[in-house]
Structure formats: structure tokens, C-alpha cells
Amino acid sequence: MADSVLDYIERLVRGHSVNVRDTPDCGRGLFATSEPTGPGTPAIIFSEGPLGGIVQMSGSTRRRGGACCLCGHALGSPAWQLRLLTDKVTWTGSESDILEEPLSDIVEGKPLFGKRSPLFCSSACHDEHERILGPLRTRRAAAQRFARNARKIQCAFYMLAMKLICWCLAEAKKRPSAEAAAPLQALCRRPYWDAVDMPPEIDVESFKRKLAKEAEISRQLALKALGGRDALPSDWDFLDETGYANLIGALCCNCTVVVYMSPVIQHILQVTGMTDCAAKEAALTTLEPWIRALAVSPPQPDDTSEGEKAEEISWNTPSGRLSFSSKLIPPFRGYAIYPRMAFMNHSCRPTCGVEFDFAARILVLQQPYVDIQKGTELTISYLDSSLDAQADLIAMGTKGRQRQLLPYGISSCSCELCQIPEKKRSKGFGNQGSQKRQRLKQ
């Protein structure tokens with residue numbers, strides 16, 4: 001299997017001016033192999049999509065709008081999203097209304113883990129979803145028990161593990177099994193309970209035993225959903241007790257949380273930015289009944305919304321003051337593994353930033369304040385991987401950053417920013433920015 005992992009890494013970096021090699025303190029890392037680019041306009045280092053697509057685990061999926069169950073692209077039109085959010089099936093706008101402009105198709109799939117049918121932005125995404133997860137439908141009751149357990153303990157990593165194992169099984173139909181499993185084997189280093197932040201003032205060993213028990217229950221449920229250990233290639237150890245724990249630990253350390261802003265909020269922000277005119281008044285008149293309908297039954301907050309800053313907007317309308325909060329349409333979340341980015345280590349003064357396109361693909365870009373040369377380690381900030389985050393990272397202070405890095409298994413950071421005494425940093429150290437989370441730019 002080790003040879004398969006090495007072959008996989010070689011294929012992964014081929015043609016991308018990067019390579020993977022060991023670092024002194026942080027395991028493997030991703031390094032530039034290209035000539036110096038020089039600071040200035042951010043250059044694209046590489047682009048890639050998620051391994052097997054995105055797993056969605058939002059507290060109130062329907063109230064968060066509709067996104068493709070494979071790639072996360074917003075579905076339908078803003079008007080369709082509003083109908084979904086408010087349970088209204090009628091629409092009084094004209095066909096030329098901007099809210100009716102299509103974002104994508106809507107392709108309905110067959111239910112698997114729950115009662116609702118999964119929705120997709122295209123037949124291609126639907127077909128890929130079926131290729132990966134379709135075989136579970138022959139043991140749907142077992143798959144649903146696995147999913148209920150993952151939701152009960154609120155662990156997205158179990159659902160992501162199931163999808164990635166199914167992706168490997170699908171790939172094993174067209175290539176050697178060891179080669180198909182190599183993307184996951186390359187990530188597995190340590191068990192789940194050694195990859196999570198331990199809550200303060202607890203018995204660490206007891207907490208580890210609790211996580212180990214949860215992982216074992218999940219493993220047993222996964223085996224039943226997949227048809228038993230004999231249904232898997234003999235050279236895979238993902239569903240052995242230690243291997244499964246290492247897989248969950250790898251996902252805990254390497255998965256990316258992607259946050260989707262609703263296209264309805266984007267439309268409302270666009271209307272807000274319009275100069276006062278007849279067009280703005282007409283747009284607000286169209287939106288008003290929908291915003292008031294949303295406000296009648298606001299969604300219940302859950303732990304996925306904790307710490308999010310809401311956009312609060314209000315307007316004067318003929319019928320009175322109209323107020324809107326982005327809390328009425330919480331962001332939609334997905335969890336994914338990006339194969340090359342998974343090898344990138346953390347730095348509070350990273351060499352790279354990450355931006356997303358319309359279908360969950362990422363662009364890894366050179367930070368404008370760095371000069372990436374051949375042999376430079378390519379790093380991102382695990383706290384905020386956007387291009388304009390440096391000022392915010394500085395503002396957190398060393399202790400603040402270290403506190404927030406603990407859930408990533410990083411107890412101390414030796415990057416350039418953390419080693420410079422805070423009082424000696426110049427005000428120009430880094431660029432300005434306030435973006436707090438990665439969002440799909442739909």
C-alpha cells in the first residue's frame with residue numbers, strides 16, 4: 001500500500017509546480033517547484049475540486065435553501081429558493097423578474113439517508129452521486145441507521161468517511177483497489193481522539209475512551225451499510241478498528257468547511273446597494289412579502305451558526321419599516337477533502353490564500369505580500385484562509401490565535417508572525433481585510 005500512496009502523491013502533484021515532502025515539525029507539507037513569481041497580483045498556484053464531492057450536514061437543511069448535494073451549487077432561481085424557504089408554492093412576480101433568473105437546473109434524485117429526495121444542479125452531478133452512493137440503496141435501512149448515528153452525535157466526519165469509502169469502492173471498479181484507496185491512505189496518520197481538541201477540565205483518558213466508543217459504533221454501522229468486511233477489498237484497512245479511527249482522525253485534521261451564502265441574501269445585498277430609484281423601489285416591493293414571511297417563523301439557531309455575524313438591513317416602504325437579518329437565512333454548510341490542499345500546513349502568515357468558484361472548486365492563490373520561490377513551503381491559515389485575512393490574524397494576537405488553533409491539534413505555532421514580538425510589529429505588516437469565513441461565490 002505504501003508504494004500506491006507514493007504513486008498517488010506523484011500523480012497528484014504532476015503538472016502543478018508543487019511537490020510533497022516531509023517537514024521538520026509538521027509531517028508532510030506542500031512546496032513550490034516553480035521559479036520565483038515575485039510579490040504583487042496573486043498568482044494561481046493550483047486549482048482542484050473536492051474528493052468525491054461535498055457532504056452537507058446543516059442543522060436545518062431546508063431552511064438554509066437548496067444547494068446541489070454533490071457540488072454545492074445554488075439551485076433553481078432566487079424565487080425558487082424563496083418558495084422553498086417560506087413553504088409557499090405560488091409566485092406573483094413576472095417571468096422577467098430578476099428573482100426568476102435561473103442559477104441552475106433542478107434534478108431530483110432518489111432518497112437514501114433520509115425521507116427527502118436529494119437535489120442536484122445537473123444530470124452529471126446526479127449521475128456521479130449515484131455512482132458513489134447508489135450501491136448503498138440495496139441496504140438503505142442500514143445506511144439510514146449509520147446516518148442517524150452521525151447526526152445524533154453531530155459528527156460530519158463520519159458522513160464524510162462513508163462517502164469517501166464509497167467513492168474508493170466506485171473507483172476500485174475501474175482501477176486496482178490499492179490505487180483507488182491511496183487518496184485516503186495518504187492522509188491517515190493518527191486516530192480520531194488524538195486529532196481533536198480536548199475540552200477543558202475533563203478527564204482526558206475518559207474522553208478519549210468516549211470518542212473511541214463512538215468511533216467503534218460508527219464503524220460497525222458502516223460495515224453493515226457496506227455489506228460487511230468481506231464486501232471490501234482485502235488490502236483495505238479503513239474499516240478495521242484502528243484504520244477507521246485513523247481515517248476519522250485524518251478527516252478531522254484535513255477536511256475543509258465550505259460555507260455557502262444564500263443567493264437570496266446576495267440579491268438582497270445587491271438591492272440594498274442600488275441608488276434610490278424606481279427600480280430599487282420595485283425590487284423592494286417584490287421582496288417585502290417574502291421577507292415578512294421569513295420573519296414570521298425564524299429558524300432555530302444551532303451550533304453551526306455559533307459566532308456568525310449577521311447582516312442587519314432595514315428600509316422604508318409604503319407599508320412601513322421593513323427589516324431583514326441574514327439570520328433568517330443561515331448559510332448552508334458542506335464538508336470536503338481537497339487532495340492537494342490537505343497537504344498544506346498552517347501558518348499565521350501564510351504564503352497562500354484560498355478562494356472558491358461556483359461549484360466548490362478551489363483556487364489556491366499566492367498571497368500578495370509574499371515572494372514564492374522554488375522550495376518555498378505553501379501554507380494557508382487554518383483560522384481564515386482568505387486572501388485578505390492577514391490584518392485580522394494580527395489583530396487576534398499570538399495568544400488569541402494559539403487558543404483558536406487548539407481544535408486543529410496545534411498547541412503552539414512557530415510561524416514568522418508568532419515569533420515576532422507584538423510590540424515590534426509595524427502597522428504595515430500584512431494587508432487589510434475583514435472576511436472571516438470562506439464562502440462559495442455563487
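**Cysteines**

I looked up C68 and found that, at 0% relative accessibility, it counts as buried; buried means under 20% relative accessible area, exposed over 50%, and partly exposed in between, with a 1.4 Å probe and protein chains only. The model is predicted, so I note that local features need pLDDT of at least 70, that side-chain atom pairs count only at pLDDT 80 or more, and that totals for chains, interfaces and linings use all residues. I also note that residues are numbered from 1 along each chain as its sequence is written, and that side-chain values use heavy atoms, with hydrogens and water left out.

I searched the whole structure for disulfides, each being a pair of cysteine sulfur atoms within 2.5 Å, and the search gave zero. C68 is accordingly in no disulfide, and its nearest cysteine sulfur, that of C71, is 3.8 Å away. For C69, the closest cysteine sulfur is in C68 at 6.6 Å, which is too far for a bond. I recorded C69 as partly exposed, with a relative accessible area of 22%.

**Chain totals**

I counted twelve helices and 15 strands in the protein chain. Helices (H or I, at least four residues) and strands (E, at least two) are DSSP runs, numbered from the N terminus. Of the 442 residues in the protein chain, 52% are buried. I took contact to mean heavy atoms within 4.5 Å. Among contacts with a separation of 6 or more, 70% are between residues 24 or more positions apart. The accessible surface of the protein chain is about 21,100 Å², and carbon and sulfur atoms hold 52% of that surface. These areas come from the Shrake-Rupley method with a 1.4 Å probe; for residues, only the protein chains shown count as cover.

**Helix α2 and T86**

I examined α2, residues 78-86. Eight of its nine residues are buried, so α2 is largely enclosed by the rest of the structure. The buried residues are P78, A79, W80, Q81, L82, R83, L85 and T86. They pack against β6 (119-120), α9 (263-272) and α10 (278-296). Just after α2, I noted that D87 has a positive phi of about 65°.

T86 has a relative accessible area of 14% and is buried. Setting aside neighbours within four places in sequence, I found T86 in contact with W290, A293 and L294. I also looked up T86 against I291: the two are 205 residues apart along the chain, and their C-alpha atoms are separated by 9.2 Å.

**The open sheet and helix α1**

Which strands form the open sheet, and in what order? I read the order as β1-β2-β14-β11, four strands with mixed pairing; two strands pair if DSSP finds at least two bridges between them. β1 (18-22) and β11 (345-346) stand at the edges with a single partner strand each, so one side of each has no neighbour in the sheet. β1 pairs with β2 (residues 28-32) in the antiparallel sense over five bridges. I traced one residue pair here: R21 has G29 in β2 as its bridge partner.

Helix α1 (residues 2-13) lies across β1 and β2 and runs at about 145° to β1. Axes are lines fitted to C-alpha atoms, for helices over the stretch in contact, and angles run from 0 to 180 degrees between N-to-C directions. I then looked at α1 against α6 (residues 177-185), where the axes come within 8 Å and cross at roughly 75°. That crossing makes α1 roughly perpendicular to α6; angles under 35 degrees count as roughly parallel, over 145 as roughly antiparallel, 65 to 115 as roughly perpendicular and the rest as oblique. S4, V5, Y8 and R11 in α1 meet A178, E179, A182, P183 and Q185 in α6.

**The β8-β9 hairpin**

I followed β8 (residues 312-317) and found that its side chains alternate: I313, W315 and T317 point to one face and are buried, whereas E312, S314 and N316 point to the other and are not. β8 runs antiparallel to β9 (residues 320-325), with six bridges between them. A hairpin of two residues joins β8 to β9. T317 has G320 in β9 as its bridge partner.

**E416**

I placed E416 in helix α12 (residues 416-419). E416 is partly exposed, at a relative accessible area of 47%. E416 and P350 lie 66 residues apart in sequence, yet 9.2 Å apart in space, C-alpha to C-alpha.
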